[in-house]
Amino acid sequence: MLQFRAFIKLIDDSTGNIVAQTTSDINGFYAFTGVAQPVSTYTVTGCINIDGKVWFGSLTGIVPPNTTAHIIMFKQTG
């Protein structure tokens with residue numbers, strides 16, 4: 001399922017800093033612009049609240065110019 005309005009973050013793996021953030025579009029797609037060539041790798045995370053339930057997913061080891069990062073989100077429990 002493609003998810004509209006998921007909050008997406010790009011995190012520098014070497015520092016843990018958020019480099020960019022965006023929201024997915026109506027088709028579930030997102031893009032980060034103006035990201036410099038890294039000296040390390042990135043992690044992409046996605047999060048959304050649907051009917052009071054939080055869904056979260058992440059993908060690690062992203063190296064630009066990787067043009068595709070599919071994030072699978074799972075419902076959080078607890």
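Which residue in β2 does Phe7 stand opposite? In this predicted model, the residue facing Phe7 is Thr23.

## The overall picture

Let's zoom out for a moment. The protein has 5 strands and 0 helices, so there isn't any guesswork in the pattern along the sequence, given that strands and helices are both read as DSSP runs: β-β-β-β-β. Of its 78 residues, 29% count as buried.

The accessible surface adds up to about 5,500 Å², and carbon and sulfur atoms account for 57% of that. As for contacts between residues at least 6 apart in sequence, 36% of them link residues at least 24 apart.

## How the sheet is laid out

The 5 strands make an open sheet with antiparallel pairing, in the order β2-β1-β3-β4-β5. At the edges you'll find β2 and β5 (74–75), each with a single partner strand, so one side of each has no neighbour in the sheet. As general background, strands of a sheet pair through backbone hydrogen bonds, and the pairing can be parallel or antiparallel.

## The hairpin and the next strand over

Start with β1, which covers residues 7–12, and β2, which covers residues 18–23. They run antiparallel and are joined by 5 bridges, with Phe7 and Thr23 standing opposite each other. The two strands form a hairpin with 5 residues between them. In that turn, Gly16 has a positive phi of about 80 degrees.

Then there's the pairing of β1 with β3, again antiparallel, this time through 6 bridges. Here Asp12 is the residue that stands opposite Tyr42 in β3.

## A closer look at Thr43

Thr43 belongs to β3, which spans residues 42–50. Is Thr43 buried or exposed? Its relative accessibility is 12%, and because buried means under 20%, Thr43 counts as buried.

Its side chain also has a polar partner: a polar contact of 2.5 Å connects it to the side chain of Asp13. If you skip neighbours within four places in sequence, Thr43 is in contact with Lys9, Leu10, Ile11, Asp13, Ser58, Leu59 and Thr60. Asp13 therefore turns up twice around Thr43, as a residue in contact and as the polar partner, which fits a definition of contact as heavy atoms within 4.5 Å. Of the others, Lys9, Leu10 and Ile11 fall within the 7–12 range of β1.

Methods
Residues numbered from 1 in each chain as written. Predicted model: local features only at pLDDT ≥ 70, side-chain atom pairs only at ≥ 80, totals over all residues. Heavy atoms only, no water. Pairing = 2+ DSSP bridges. Helix = DSSP H or I, 4+ residues; strand = E, 2+ residues; numbered from the N terminus. Buried < 20%, exposed > 50% of the residue type's maximum accessible area, 1.4 Å probe, protein only. Polar contact = N/O pair within 3.5 Å; in protein donor to acceptor, adjacent residues only side chain to side chain. Areas by Shrake-Rupley, 256 points an atom, 1.4 Å probe, with all protein chains shown as cover.
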